[in-house]
Amino acid sequence: MSRILIVIVIFIVIYLLLKYYRKQMPKKDVLGEDTSKHRENMVRCAHCGVHLPKGESIMVDHKHYCSEVHRHAHTDEPE
Ligand SMILES: [Zn+2]
């Protein structure tokens, strides 16, 4: 009877080790995804062509500008 108990204990230990090992694995995948998500959308100034983050740009008529001066300069120009 004691041999059966030892075998059962060994199986429980193996099961717990596998369960613990599987919990550790997905963390590496989550860290890999985080590095690729830290990119902010970049837009191009319609007047001078400089690239800047979308949040810092001035958007008029679906066009982005780097500054208020360039927005005026571009919209005053006849196309
Ligand atoms: Zn500009």
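**Zinc spacing**

I started with the order of the zinc donors along the chain, and they are spaced C-x2-C-x17-C-x3-H. I'm working from a predicted model here, so everything below is read off computed coordinates.

Next I looked up which atoms do the binding. The zinc ion takes SG from C45, C48 and C66, plus ND1 from H70. These donors lie 1.9 to 2.3 Å from the metal. What geometry do the 4 donor atoms give the site of the zinc ion? I get angles of 94 to 125 degrees among them, and the site is tetrahedral. That fits the cut-off, because four donors count as tetrahedral if all angles lie between 85 and 135 degrees.

**Where the cysteines sit**

I then checked how the site ties the chain together. C45 is in the loop between β1 (42-44) and β2 (51-53), while C66 is in the loop between β4 (63-65) and α2 (68-76). The two are 21 residues apart, and the pair links distant parts of the chain. C48 is also placed in the loop between β1 and β2. I took one distance across the site: the C-alpha atoms of C48 and C66 are 8.2 Å apart, with their positions 18 residues apart along the chain.

Buried or exposed, I asked of C45? C45 comes out at 0% relative accessibility, so I put it down as buried. C66 has a relative accessible area of 26%, so it goes down as partly exposed. C48 is at 43% and therefore counts as partly exposed too.

**Overall layout**

I stepped back to the whole chain. It has 2 helices and 4 strands, and from the N terminus the elements run α-β-β-β-β-α. Of its 79 residues, 13% count as buried.

**The N-terminal helix**

I pulled up the UniProt record, an unreviewed entry, and it lists residues 6-21 as "transmembrane region". In the model that stretch is 100% helix and 0% strand. Its end C-alpha atoms are 22 Å apart.

Then I looked for nonpolar surface. I found a patch of about 800 Å² made by M1, I4, L5, I8, I12, Y15 and L16. L16, one of these, has its place in helix α1, which covers residues 2-37.

**Salt bridge**

How many salt bridges does a search of the whole structure find? It turns up 1. The partners are R71 and E68, whose closest N and O atoms are 2.7 Å apart. Both lie in helix α2, 3 residues apart, which is about one turn of the helix.

I checked the cover on each partner. R71 is at 18% relative accessibility; the cut-off for buried is under 20%, so R71 counts as buried. E68 is at 39%, so I noted it as partly exposed.

**Odd backbone angles**

Last, I went through the phi values. D61 has a positive phi of about 50 degrees although it is not a glycine. D61 lies in the loop between β3 (58-60) and β4. H62 is another non-glycine residue with a positive phi, near 65 degrees, and it lies in the loop between β3 and β4.

Are these two buried or exposed? D61 has a relative accessible area of 69%, so I list it as exposed. H62 is at 72% and is therefore exposed as well.

**Notes to self**

For the zinc site, I'm keeping the tetrahedral geometry and the buried C45 at the top of the page. For the β3 to β4 loop, I'm flagging D61 and H62 for another look at the backbone.

Methods:
Residues are numbered from 1 along each chain as its sequence is written. This is a predicted model: local features need pLDDT of at least 70, side-chain atom pairs count only at pLDDT 80 or more; totals for chains, interfaces and linings use all residues. Side-chain values use heavy atoms; hydrogens and water are left out. Donors are N, O and S atoms within 2.8 Å of the metal (3.2 Å for Na, K and Ca); water is not among the atoms, so sites may look incomplete. Four donors count as tetrahedral if all angles lie between 85 and 135 degrees; four count as square planar and six as octahedral if opposite donors are over 155 degrees apart and all others between 65 and 115; anything else is irregular. Buried means under 20% relative accessible area, exposed over 50%, partly exposed in between (1.4 Å probe, protein chains only). A salt bridge is a side-chain nitrogen of Lys or Arg within 4 Å of a carboxyl oxygen of Asp or Glu. UniProt positions are given in the numbering used here, feature names are shortened, and annotations may be inferred rather than shown by experiment. Patches are made of residues with over 30% relative accessible area and no salt bridge: like charges are joined within 9 Å, nonpolar side chains (Val, Leu, Ile, Met, Phe, Trp, Tyr) within 5 Å. Accessible areas come from the Shrake-Rupley method with a 1.4 Å probe; for residues, only the protein chains shown count as cover.
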